[in-house]
Amino acid sequence: MKRRNFETIVAENDSEPREKKADITQSNNLDWRECLEKIAQMRLEGDAPVDTKGCHMLADKTADPQVFRFQILLALMLSSQTKDEITAAAMHRLKDYGCTVENIRKLSGLELQKLLIPVGFYRRKAEYIKKVAEILVEKYGGDIPNTVDGLCSLPGVGPKMAYLAMQCAWDIDAGIGVDTHVHRISNRLGLVRTKTPENTRTDLEDLIPHSEWRRVNKLFVGFGQQICLPVLPKCSECLLKDKCPTIGVKKAR
């Protein structure tokens, strides 16, 4: 099996043209409103990994706003291809060291790598983080960009990270952050029929009103971590089981 490199994962197929929408016939009458509300009901406990260790929880809310935004961005960069628990542990180590742009600039690459282990692709991420710290000082006065394009121009930052950074760091709903959970679940439910996360984002944004965009990522990620699993989803526990077309599901519990 050909191994995907980190650049491919981060890019998230952003360069691919938007595919033509498929004509999805939902004979089960399952629409986005019902999906969001039923998933919200299943997520009332707020006990999924994303709820306590997601990127929005890992930055120091008492820190200077500029430092807080930098920590949000770092948490997002570390989270790619890494479990929430491992990302959270790495962020705790960084904050104990002093997670500011200036402190990260002073660290050597090897020192930063040691703080990141065992984050996925930690060597490459350490390299990107060092470059990002330099760019933020040189171009943005030590702050992070406040546009999606500006964020995506940074090394190691893809569309999903950019949209979530806009939401969590700047409190701006510029788009829906689509990770592997959002992409999988949106297709499994038949809300979209797409091949890439970026296509999923644009189709979801066409389908769901802007006022609801902020809810989607956190709801779907927690749902995907606990019930709508990648393999052997717990369909017997799902409130949508009677209407879900379970697209792509070969075996469930």
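This short talk walks through two helices, one charge over a ring, and one glycine.

The model is predicted, so local features need pLDDT of at least 70 and side-chain atom pairs pLDDT 80 or more, while totals for chains, interfaces and linings use all residues. Residues count from 1 along each chain as its sequence is written, and side-chain values use heavy atoms, without hydrogens and water.

Start with helix α7, residues 109-116. Helices here are DSSP runs of H or I, at least four residues, and strands are runs of E, at least two, numbered from the N terminus. In α7, L112, Q113, L115 and L116 are buried. Buried means under 20% relative accessible area, exposed over 50%, and partly exposed in between, with a 1.4 Å probe and protein chains only. Those four cover an arc of only 160° around the axis, so they lie on the same side of α7. That arc is taken from the directions from the helix axis to the C-beta atoms. L110 and K114 are exposed, on the face turned away. What covers the buried side? Among others, α4, α5, α6 and α8. Contact means heavy atoms within 4.5 Å.

Now α12, residues 197-207. Nine of its 11 residues are buried, so the rest of the structure largely encloses this helix. P197 and R201 are among them. They pack against α10, α11 and α13.

Next, a ring. The charged end of R69 sits over W170, 4.1 Å from the ring centre. The cut-offs: NZ of Lys or CZ of Arg within 6 Å of the ring centre and within 35 degrees of the ring normal.

Last, G158. It sits in the loop between α9 and α10. Is G158 buried or exposed? Buried, at 1% relative accessible area.
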